[in-house]
Amino acid sequence: MTPDTIRTVVGIIGNGTALMLYLSPVPTFYRIWKKKTVEQFSAVPYLTTLLNCMIWLFYGLPLVQPHSMLIITINGIGLTIELTYIAIFLAYSVGAARRRVLLILVAEVSFVAAFAALVLNLAHTHFLRSMVVGILCVIVGTATYASPLSVMKMVIQTKSVEYMPLLLSLASLASGTCWTAYALIEFDIYITIPSALGVVLALGQVILYAIYYKSTQQILEARKQQILETRKSKADQIPMTEVVVDGKNGSTGGSGAGKGHC
């Protein structure tokens, strides 16, 4: 097999793992839809991934980097999926949180549109366009893989991985590994840097999950017991009804006993 063939095969596998990565938050958004609230979940990873997909989609266009159909297909799919997640997030968030997500979304779309217009009009060769867009891809791609750092910090602070889904971390690890291999076969520094960083950070998430899995189960079990005890306590309470208070001495009693004396 030629290097080009191997690279194509690895790219196809990379597309499959990237699709898994894009679909891995489905259980999270099912939970949001079922509870009708976003709880403590953050929209930042999905907004960052959306921006990443838009920039990489632009990078893969024939006007910028010819022969990059695999990059176009997976990032086009990713763009659609991330927009769906953000729409759900907007539907079940409220107040300032919703306005913040909407503002960031508008800012991202406006930025990419302006950037694309400038590159296509000011850079007139494929080399120059791919370099300029590639540098931005490295910056945004790095930010995308680094976005779970805030969640990792929360995991360490709370000793709970409840809000860091394992499937997302594993999919990120698999995707980063495949795309790093893809970039190294026919060296592309713009794909190599963020992908390799993604491998390191995803591996860190998996390690954190292994460390704090038991403590998470203990926290969830304690929370469950607390809820059950609260419900039992409420059920054991006997409501006080029709209590008569004597205004003179503050004692309680039946009204018939009071009427039996002159």
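Contact is taken here to mean heavy atoms within 4.5 Å. The structure is a predicted model, in which local features need pLDDT of at least 70 and side-chain atom pairs count only at pLDDT 80 or more, while totals for chains, interfaces and linings use all residues. Residues are numbered from 1 along each chain as its sequence is written, and side-chain values use heavy atoms, with hydrogens and water left out.

Helix H6 (helices being DSSP runs of H or I of at least four residues, numbered from the N terminus) comprises 21 residues, 126–146, and reaches 29 Å from its first C-alpha to its last, close to the 30 Å expected at 1.5 Å a residue, a span calculated as 1.5 Å times one less than the number of residues. An unreviewed UniProt entry places one of its "transmembrane region" features at residues 126–146, although such annotations may be inferred rather than shown by experiment. Among the buried residues of H6 (under 20% relative accessible area, 1.4 Å probe, protein chains only) are Arg129, Val133, Leu136 and Tyr145.

Apart from its neighbours within four places in sequence, Val133 is in contact with Ile55, Phe58, Tyr59, Val64, Phe115 and Val119. A nonpolar core is defined as a set of buried Ala, Val, Leu, Ile, Met, Phe, Trp, Tyr and Cys residues joined through side-chain atoms within 4.5 Å; in the largest, which has 46 residues, Val133 is, with Ile86 and Phe89, one of the three that touch the most other members. Elements giving two or more residues to this core include H6 and helix H3 (44–60), and H3 gives the most, with ten residues. A second, separate core of eight residues includes Val151, Met164, Leu208 and Tyr212.

Methods
Buried < 20%, exposed > 50% of the residue type's maximum accessible area, 1.4 Å probe, protein only.
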